[in-house]
Every structure is written in C-alpha cells, then in structure tokens.
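Colleague: I am new to this one and would like to learn how its labels are earned. Could you take me through a few of them?

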Amino acid sequence: MSRQIEEQAKGKHRETKGDKTKKELYTTALRLFREKGYENVSISEIAREAGTAKGTFYIHFPSKAAVVTEMLHYYDDTYEETAARLPFPCSPLTAIQNLIGESCRFTCETIGVDLIRVLYIQQLHKNPAEQGEMDYHRPLYQLFKHFFEQGQEQKDLLPQVDRSHNDHLADPCHQRGIL
C-alpha cells in the first residue's frame, strides 16, 4: 500500500485540499486520456477540466507523463488489496491467478491499454538507472516473488527451478505489457 494510504488507514493522515486537488487532476487526466488519447490531451485541458489553474497542475505533477507514472501507485495499491482479500488458506497458484486476473481487469477497466502502452514507451526511453517504476521492490514483484517462493516451498510450483529464477518469472509477462 502507498505510504499515504497506509497513513490514512492508521488515522495519521487526513486528506488535505492539496491531496484532493492532486486526485482530481489525476482522475480528470485519466478520463481525458481514455476519451481522447494521451497525445491529444494538453496540460491546460487537464487543469481546466479539473477546475484548477495550469500552475496548480505543475505543483502536483512535473509533466503529463508523471500522471501516467502515478498510475503505478494505484496499480500497486490494487495488487496489495487483492492479496489482502485472498481467502485463507489459499494456494500460491490461486493467489497468482487472482493477481493476474486483477491486473488484467484493472488495466482494461481503469487504466486502459493505451495508457499502459504510453507508460512502457516512457520506460523504454529512460536509461535503466531511471526506471524506478519497474523496480523489483514494487509490491507487484514482491507479491509474485512471495507466492512463487511459497509455491516452491510447498512443492506446488516449479520445484525443479532454483529460487533465483523465480525473481524473473513474472518479468516476461511484464515486458509484454501483460502485468
């Protein structure tokens, strides 16, 4: 879960006017991107539709591309919420299937394939040291790693493959834009 959401859940963080404005800019941008396509939406239009000034946009996001990157925080929250809803006990295979299913649903219904494409293009244009959004410490990778290792320990998944290989099992799906 993102730090802000964790703090809100613990009662340490109250949503401020700035938080609300950022969320409104984000949701407005996503709506416009889905309606018109990423390339056909300007920062001025996002700000106008959100009821704020263009300068306010830049307080919360350094660029239009940063809005797309912000999606990953919501994506990570979705993965963690999905994992938290899994029945107990739950097999590692069922957990992985649920995570992949939720990823597909969230991508199609919330983000949209076009914005995932934009995100991957952005990442491909960065040098590897700047690709923090694709960091293996993100909840997405940590959850998959956990369930792959659990499945291996229980001898349900890939018992013939050493654990170092499991770190990269989800990567081919990720590179193809599936996860």
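Modeller: Gladly! Let's begin with a cut-off: a polar contact is a pair of N or O atoms within 3.5 Å, where one must be able to donate a hydrogen and the other to accept it. Please keep in mind that this is a predicted model.

Colleague: What lies 2.7 Å from the backbone oxygen of lysine 36?

Modeller: A polar atom of the side chain of asparagine 40 lies at that distance from the backbone oxygen of lysine 36. Asparagine 40 itself sits in the loop between H2 and helix H3 (43-50).

Colleague: Why is asparagine 40 called exposed?

Modeller: Its relative accessible area is 55%, and exposed means over 50%, so asparagine 40 earns the word.

Colleague: Back to lysine 36. What makes its pairing with glutamate 45 a salt bridge?

Modeller: The rule asks for a side-chain nitrogen of Lys or Arg within 4 Å of a carboxyl oxygen of Asp or Glu. For lysine 36 and glutamate 45 the N to O distance is 2.2 Å, so the pair qualifies.

Colleague: Are these two partners buried or partly exposed?

Modeller: One of each. Glutamate 45 has 9% relative accessibility, and buried means under 20%, so glutamate 45 is buried. Lysine 36, at 40%, is partly exposed, because that value falls between the two cut-offs.

Colleague: How many salt bridges does a search of the whole structure find?

Modeller: The search finds 7. Another of them joins glutamate 70 to lysine 22, with the closest N and O atoms 3.7 Å apart; that is within 4 Å, so this pair counts too.

Colleague: Which parts of the chain does that pair link?

Modeller: Distant ones: glutamate 70 is in helix H5 (residues 64-85) and lysine 22 is in helix H2 (residues 17-36), 48 residues apart. Glutamate 70 counts as buried because its 16% relative accessibility is under 20%. Lysine 22, with 27%, is partly exposed.

Colleague: And how do you know that arginine 105 and glutamate 102 form a salt bridge?

Modeller: Their side chains meet at 2.5 Å, N to O, which is within 4 Å, so the label holds. Both residues lie in helix H6 (residues 92-111), 3 residues apart, about one turn of the helix. Arginine 105 is partly exposed at 31%, whereas glutamate 102 is buried at 12%. Elsewhere, salt bridges that share partners join Arg31, Glu35 and Glu49 into one network.

Definitions and conventions. Residues numbered from 1 in each chain as written. Predicted model: local features only at pLDDT ≥ 70, side-chain atom pairs only at ≥ 80, totals over all residues. Heavy atoms only, no water. Helix = DSSP H or I, 4+ residues; strand = E, 2+ residues; numbered from the N terminus. Buried < 20%, exposed > 50% of the residue type's maximum accessible area, 1.4 Å probe, protein only.
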